There are 2 protein chains.
Amino acid sequence: MTEDDTDKDIATAGMSAFAPYLMNRVIHRYNQTLLAKMNEMGLSVTKMRALAALAAQDGLTVNELTVYAVTEQSTMSRTLDQMARDGLIVRRVSESDSRARHSSLTEAGWEAYRNIWPEMRKAERALFEGVPPQDYDVLLKVLNHMLENIRVHKF
Amino acid sequence: MTEDDTDKDIATAGMSAFAPYLMNRVIHRYNQTLLAKMNEMGLSVTKMRALAALAAQDGLTVNELTVYAVTEQSTMSRTLDQMARDGLIVRRVSESDSRARHSSLTEAGWEAYRNIWPEMRKAERALFEGVPPQDYDVLLKVLNHMLENIRVHKF
């Protein structure tokens, strides 16, 4: 951030110069697109996010999945119970904390992930159409920096 | 986007390489911070967003404000009624469409905006702490490009 834009507010610079406004607009549209697609496939967005998070990182707990999926713990807890009943995940008790359980995708869970991933990728690609690769790399770098700046959880 | 990352999915690249995941995490935290702050000030987030949007652009309609504030039309409609009752906005019938009304901030509305803007700016600055100015500029450019890519409204 430069010093000289300290006093430049939304009233003079306009909303297109205010990043949080743009991020809210963009991510809302992305979420709506996937919500519609997941509804067609009979899946919830929370289940979609849990599948993707567990594909990226095995053994996550309900607390971690709640944060990664940006949802409520009660919603994630219910979703995981259903996923276990449906044979998409298995859970094992944590060695370090007997109250915590680590989830892993089963083969059926991986198959479900492989069904939804192309839709997630497609929606992401639609966002970034025409964005130069070097700009995309900067965006990823800045977003990771922002997450470090503001997250309240260790993960 | 480069060609060679077409097959790189979240399972191999990890979630920190998936921009929509990062955006959801970051914007959720920003929204939560402002929600808490607005609650302290006795304001709703919808009212905060309406004040900011009208400060940036005079004469917006309920449809435009609904999109800009990323909310439901019924919520925005109710919020504008309350803001009019509280003397924060005035509304005039559109010359081109007698069913539409254009909202403008009153002097009290501008004062309310000037009260909330520092909080919005502070929350935004917290996101971008330590981000180089040139990266911030790229982020804004890419976000505006993304909004062009996916918006379903003309505004």
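In this predicted model, 53 residues of chain A are in contact with 53 residues of chain B. The elements that supply two or more residues to the side of chain A touching chain B are helix 1 (10-13), helix 2 (19-40), helix 3 (45-56), helix 6 (107-128) and helix 7 (133-150) of chain A. Helix 7 of chain A gives the largest share of that side, 15 residues. Sorted by class, the side of chain A that touches chain B holds 34 nonpolar, 9 polar and 10 charged residues.

The arrangement of the two copies comes next. A turn of 180° with a shift of 0.0 Å along the axis lays chain A on chain B, with an RMSD of 0.0 Å. The two copies are therefore related as by a two-fold rotation axis. In chain A, Leu139(A) has the C-alpha nearest the axis, at 2.8 Å from it. Of the interface residues of chain A, 100% are also interface residues in chain B, so the copies meet through the same surface.

There remains the confidence of the prediction. The model scores ipTM 0.91 and pTM 0.90. Chain A has a mean pLDDT of 92, and 95% of its residues reach 70 or more. Among the elements of chain A, the highest mean pLDDT, 98, belongs to helix 5 (residues 73-85) of chain A, and the lowest, 87, to helix 1 of chain A. Over residues 1-6 of chain A, pLDDT stays under 50, and for these residues the model has 6 contacts beyond four places in sequence.

Definitions and conventions: Residues are numbered from 1 along each chain as its sequence is written. Chains are lettered from A and ligands numbered from 1 in the order in which they are written. This is a predicted model: local features need pLDDT of at least 70, side-chain atom pairs count only at pLDDT 80 or more; totals for chains, interfaces and linings use all residues. Two residues are in contact if their C-beta atoms, placed from the backbone, lie within 7 Å. Helices (H or I, at least four residues) and strands (E, at least two) are DSSP runs, numbered from the N terminus. Ala, Val, Leu, Ile, Met, Phe, Trp, Tyr, Cys and Pro count as nonpolar, Asp, Glu, Lys and Arg as charged, and the others, Gly among them, as polar. Copies are superposed by least squares on the C-alpha atoms of residues with pLDDT of at least 70 in both. pLDDT is the predictor's confidence in each residue, from 0 to 100.
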